[in-house]
Amino acid sequence: MGLAEQSTIQRVENRPRLPDRLVVGPDAIRAAVLIVLLAAGALLTPGYLSLENFRILLMSVAAVGIVAYGMTLVVISGEIDLAVAGTAVLSAIVGATLLDTGSPVLVIGATLVTGLAIGLVNGVLTAFVGIPSLIVTLAMLGISRAVANIISRGQASYPDSVAAYLWFGNGKLLGLPTPIALLLSIGALMVVLTRFTTFGPALYATGGNTKAAVLSGIRARSVKLSVFMICGVLAATGGMIESARLSYINPAAFAGLELEALAITVLGGAALAGGSGSILGTLLAALIIGVVNNLLNQLGVSLYTQRVVTALVILAVVLPGYKRRQIAK
Amino acid sequence: MLSTNRRQFLGGAASLAVVAPWAKVGLAQETQGVHSILNDLIRQYAAAASSMTNPSVRDLYEQDGFQDYLEAYPVGDLVDGFVWEPGMGAEFEGPYSNLPIKAPFTDYIPLDEGPVLDPDRTYRIGFVFHGFNHPWLISLADTVAWEAARHPNIELEVIDAEFDDSRMGQVIDTWITRQFDGIVLWPAREAPMGPPVDRAIEAGIPVVSLDRRTSSSAISSEVLGNFYANGLQQGLYLKHVVSEGNMVLNRKDLGSTADSIRTGAFLQAIGNTDGFEIVGNYHTNSQRSLAFDATADALQANSQFDISFNTGGEEALGALGAIEEAGRLNSGSSGKIIILANDDAKEIMANIRSGAIDMVAPYTPLIGDVGLRALIRHIGANEGRNEAPPRLIITPNLPMVTRTNMTIEGVQTLTPDEWLYAYGPAVE
């Protein structure tokens, strides 16, 4: 066999086989699922594709979507943050203690700084002290909820006197309702962070194999600390958006937010073992959950049935990805 | 877990038992006997429920089995022929909430301030409930603690079981081991609390439940609220102001007493008015954000949306938020979406005052004092000092609150300014 002939054969063998060419990325699958759900909505309920319904839909997922962005970063790093609900509550309550000052800088600043501080504590205990994040953040969930109750004496607060706070729930930014604008802009920022900066590869490497990352010069502990801090700030932001939207800062709020955010993260393609996941996937996942709930509400389906359907949708979307990973292994 | 005793309260609670004059009692109110009036209406509408003519209402009523729940819910007279009037009750600062409170029933099953029973003995009483993070439940705890603080020989231990039934059971078992003199509890669910209550009763410790019931048939007393009158009045109000419209229901957890009785009684009241159509039925489970999203979606799905029925206050405020965000408060066939609420939080009252919410049926959390006094009577009965109170202690039916005074089927409504018992933080 001559060289030219051998080269031709190799080229033929290297050419992607037909099934591989047909394989589409996981985010494309999520986008397709979303389109199918929207089409189903359009068929089943009149006016489903209206701008007003998109507004309702995006408003309903904005806060949890932003919290899920933070969760996604933490999960990519190989850790987990079960404290996001406690972080959202405690941050909002700390901010509420300053409502009487009437100063938006103090109220919003205290809210975000509290989120940052909780993330810092979670990050230090996980990355530098070496306690598993599951334990650290579970403890922090309990602590932050309890402290929120102690500070607030279990009573709600009303941020009506601070217009800038309410803007986070009811205002406009770039012509869009603020929660939606923040969902999209923070999402874009996170995409830039994970795809177009050196932080992105370091994050994926840390989550994929921390030891290898450290040996290759990546400061894995700093990466983990950073994602916990970002997650804390985003949880506080999500809490502030929802509190502003309801004009109501409630120490009993956000029950189950951590699991909701985690479900969106997993639906978005992040593996709990770390090293994979994407912000775009998380956004698509939040939209899928939002469309399912919005559509079922409009069809008059009960909350309990909605939970079953949502869980089934998560399984249906996530399962092929896991099967593919198993085959790859 | 929080536990405390009387001494801790004496400094913080400005406890002052005063029967405050009800400034407007002499106005157009004829509320004496509202309990009996509402009981009569309950019986009247319960009897008519078997022949509902509205198919939309009847289908839901039958589908969710409301009849079974309603038939089992006690409706009856007050202890010792007590007659409640607006304006009654003591004012104090809540030991836990630090908020000003006027409790409506401090004259019901009365007990003088000072030592109880044997003045040379200290009576150890446990109060276990769920929810130091919930305004309604903190107010309930406030009234238990206030009553305990009025009696120097009562030592009260208060524990929050944080909505964990098994933890509540463990707390009760611990108190049995420590030979407490009595137990007051607010059970979240009926069935799991039956066995621990039975164990306490077997150990000779009287037990009184507040608001919700347990599955124990041996429990000493149950202090019950007025769920039936709540739902009924929502229906009476609706029928009074309109005779037709598309309605969306925001309900509490399926199978909960609050949902079964309030929603069932509401459906009984409107079941023979054919113009109402139920176009949405959601269980938003006392979560304002869920009620907000469900109502937003229902508004989108129904261009004709006239009435929002809410089984609780959180549901009503979530619905209101969505309706306002959609800019549709002043829409609907009557020119405004009618919003019906339960639970007399100050936030609800502010919205009644502004006209955003149309009516609320008060369901006061300020009944803990009644439970503690009943428990002391039980302890006294065990010591042979007095007679035991009845097993069922029904609290007075309370009249609905509307923006202006109205008379609806003999029930005279109160305005938010006349309703002195609202709980929770003040709202501008």
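Start with chain A: select it and you have 15 helices and 2 strands on screen. Its radius of gyration is 22 Å, close to the 20 Å that the globule rule gives for 329 residues, so chain A is as compact as a globular protein of that length. Turn it along its principal axes and the C-alpha trace spans about 85 × 55 × 35 Å. Of the 329 residues, 50% count as buried. Among the contacts in chain A with a separation of 6 or more, 77% are between residues 24 or more positions apart.

Keep in mind that this is a predicted model. It scores ipTM 0.82 and pTM 0.85.

**Colour chain B by pLDDT**

Chain B averages a pLDDT of 90, and 93% of its residues score at least 70. Now select residues 1-32 of chain B: here the pLDDT is below 50, though the stretch has 66 contacts in the model beyond near neighbours in sequence. Where pLDDT is low, the predicted coordinates should not be read in detail.

**Show both chains**

Bring chain A back and look at where the two meet. On this interface, 30 residues of chain B are in contact with 24 residues of chain A. Which elements of chain B give two or more residues to the side that touches chain A? Pick out helix 5 (135-149), strand 9 (275-283) and helix 10 (288-301) of chain B. Helix 10 of chain B gives the most, with 10 residues. Colour that side of chain B by class and you get 13 nonpolar, 13 polar and 4 charged residues.

**Select helices 8 and 9 of chain B**

Two packed helices are described by the angle between their axes and the distance between the axes. For helix 8 (residues 227-241) and helix 9 (residues 257-270) of chain B, the axes come within 7 Å and cross at roughly 35°. The crossing of helix 8 of chain B past helix 9 of chain B is right-handed. Show side chains here: the helix 8 residues making the contact include Phe227(B), Leu232(B), Leu236(B) and Leu238(B), and those from helix 9 include Ile261(B), Phe266(B) and Ile270(B). By class, this contact has 11 nonpolar, 8 polar and 2 charged residues.

**Move on to helix 12 of chain B**

Select residues 346-354 of chain B, which make up helix 12. Its buried residues are Glu347(B), Ile348(B), Met349(B), Asn351(B) and Ile352(B). What do they pack against? Add helix 11 (313-325), strand 11 (338-342), strand 12 (359-361) and strand 14 (401-402) of chain B to the view, and you have the partners. Then step just past the end of helix 12 to Gly355(B), which takes a positive phi of about 90°.

**Two loops with positive phi**

Most residues other than glycine have a negative phi, and most peptide bonds are trans. Next come two residues to look at with that in mind.

Go to Asp80(B), in the loop between helix 4 (66-72) and strand 1 (90-93) of chain B. Its phi is near 55°, a positive value in a residue other than glycine. Is Asp80(B) buried or exposed? Asp80(B) is exposed, because 10 other C-beta atoms lie within 10 Å and the cut-off for exposed is 12 or fewer.

Last stop: Glu162(B), in the loop between strand 4 (154-160) and helix 6 (165-177) of chain B. Glu162(B) is not a glycine either, yet it has a positive phi of about 50°. With 16 other C-beta atoms within 10 Å, Glu162(B) is partly exposed.

Key
Residues numbered from 1 in each chain as written. Chains lettered and ligands numbered in written order. Predicted model: local features only at pLDDT ≥ 70, side-chain atom pairs only at ≥ 80, totals over all residues. Buried ≥ 20, exposed ≤ 12 C-beta atoms within 10 Å, placed from the backbone. Helix = DSSP H or I, 4+ residues; strand = E, 2+ residues; numbered from the N terminus. Contact = placed C-beta atoms within 7 Å. Axes fitted to C-alpha atoms, helices over the stretch in contact; angles between N-to-C directions. Left-handed = near helix turned anticlockwise from the far one by under 90°. Nonpolar A, V, L, I, M, F, W, Y, C, P; charged D, E, K, R; others polar. pLDDT = per-residue confidence, 0-100. Rg over C-alpha atoms; globule rule 2.2 N^0.38 Å.
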